[in-house]
Amino acid sequence: MSRGLKRQNPAYKIVKNHPMNPSTHFFGGETWNLPKCKVCLASMHQIVTLDVTKFSEQNFDKKISELPLFSCLNCSLFWENQYFKLDFINQSASTIKQDQEDFEQQEEEDRILNPLPYISIELEEAHEKDNQIDDETINRLFFEFGTAYVGRVFGEPVIAQEPLQDCCLRCGGKFQFIAQITGDSDMEEMFQEDIDFFFGETMLYFSLCRRCDLLMVEPQSI
Ligand SMILES: [Zn+2]
Ligand SMILES: [Zn+2]
């Protein structure tokens, strides 16, 4: 990636916010009206919510302030692609398509709390060395996801084993990569909170069609 491109679309790591530092991005919480999961019939987990007004380089439409990244994490739903229509005015989302046909639910004792606890986060610009694709970097990134940070926002997707779906199923236009998020059984340390946020060895990739306000959630195993 050229230096010019990087400045236009830098990647950020999602980290816990310093208590003294005001931030309008957050993990967890419940500020959007999200659709019910067709498998376990519960509301989706609002995982990370971005204040896109902070990213002038992304040129988001003025109607958009919060961009929520969500999925149900307690069942088989997120093992296949999901597509949602976002209503930025009313802060609500509706389901367009969920590809999952297998209905499997997490054991009661392994379920992730819903809503997730609200935790203030900040986005730290990724270093040039985090955008490389040599084996050593990839191995390090595998380790750091879920332990040093919970995901990455903007820039280019990293460590994906398969190419991400890049065309919107409604208009055929190109998706914009928004974020990739994973959990870990050892996240208490990073967030310094009593939090359970492990949903298997899975990375969720979030992409947006800006023409249709369509959010795609695409899983890949890691
Ligand atoms: Zn579910
Ligand atoms: Zn579209």
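# Exercises on a predicted eleven-stranded protein model

The largest nonpolar core has 51 residues, and those with the most contacts inside it are Val48, Leu69, Cys72, Val153, Ile178, Phe206 and Leu215. A nonpolar core here is a set of buried Ala, Val, Leu, Ile, Met, Phe, Trp, Tyr and Cys residues joined through C-beta atoms within 7 Å. Strand β10 (residues 202–209) supplies the largest share of this core, six residues. The model is predicted: local features need pLDDT of at least 70, side-chain atom pairs count only at pLDDT 80 or more, and totals for chains, interfaces and linings use all residues. Residues are numbered from 1 along each chain as its sequence is written, while chains are lettered from A and ligands numbered from 1 in the order in which they are written.

## Exercise 1. Confidence

Determine which element of the protein has the lowest mean pLDDT and which the highest.

*Solution.* 
- Step one concerns the scale: pLDDT is the predictor's confidence in each residue, from 0 to 100. 
- Next comes the whole protein, which averages a pLDDT of 92, with 97% of the residues scoring at least 70. 
- Among the elements, helix α1 (residues 3–8) has the lowest mean, 57, and strand β3 (residues 45–51) has the highest, 98. 
- Where pLDDT is low, the predicted coordinates should not be read in detail.

## Exercise 2. Composition and overall dimensions

State how many helices and strands the protein has, and explain why it is described as being as compact as a globular protein of its length.

*Solution.* 
- Helices (H or I, at least four residues) and strands (E, at least two) are DSSP runs, numbered from the N terminus. 
- By this count the protein has three helices and eleven strands. 
- Their order from the N terminus is α-β-β-β-β-β-β-β-α-β-β-α-β-β. 
- The radius of gyration is 16 Å, close to the 17 Å that the globule rule gives for 222 residues, so the protein is as compact as a globular protein of that length. 
- That radius is taken over C-alpha atoms, and the rule is 2.2 Å times the number of residues to the power 0.38. 
- Along the principal axes, the C-alpha trace spans about 45 × 40 × 35 Å.

## Exercise 3. The sheet

Give the strand order of the open sheet and identify its edge strands.

*Solution.* 
- Two strands pair if DSSP finds at least two bridges between them. 
- The eleven strands of the open sheet are ordered β4-β3-β2-β7-β1-β8-β9-β10-β11-β5-β6, with antiparallel pairing. 
- Its edge strands, each pairing on one side only, are β4 (66–71) and β6 (92–98). 
- Neighbouring strands are turned by 30° against each other on average, direction ignored; the axes are lines fitted to C-alpha atoms, for helices over the stretch in contact, and angles run from 0 to 180 degrees between N-to-C directions.

## Exercise 4. Strand β3 and Val48

Establish whether β3 is mostly covered or exposed, and list the residues that Val48 touches.

*Solution.* 
- A residue is buried if 20 or more other C-beta atoms lie within 10 Å of its own, exposed if 12 or fewer, and partly exposed in between, with C-beta atoms placed from the backbone. 
- Six of the seven residues of β3 are buried, and the strand is mostly covered. 
- Six bridges join β3 to the antiparallel β4; Gln46 stands opposite Phe70, and Asp51 opposite Glu66. 
- Strand β2 (residues 25–27) pairs with β3 in the antiparallel sense over two bridges, and Phe27 stands opposite Val48. 
- Contact requires C-beta atoms, placed from the backbone, to lie within 7 Å. 
- Not counting residues up to four places away in sequence, Val48 touches Ile14, Phe27, Leu69, Gly151, Ala179 and Ile181.

## Exercise 5. Backbone exceptions

Locate the cis peptide bond, and explain why Leu41 counts as exposed and Gln91 as partly exposed.

*Solution.* 
- Most residues other than glycine have a negative phi, and most peptide bonds are trans. 
- A cis peptide bond joins Asn114 and Pro115, with omega about -5°; Pro115 lies in the loop between β6 and β7 (119–125). 
- Leu41, in the loop between β2 and β3, has a positive phi near 65°. 
- Leu41 counts as exposed because it has 10 C-beta neighbours inside 10 Å. 
- Gln91, in the loop between β5 (82–87) and β6, has a positive phi of about 50°. 
- Gln91 counts as partly exposed because it has 15 C-beta neighbours inside 10 Å.

Methods: Contact = placed C-beta atoms within 7 Å.
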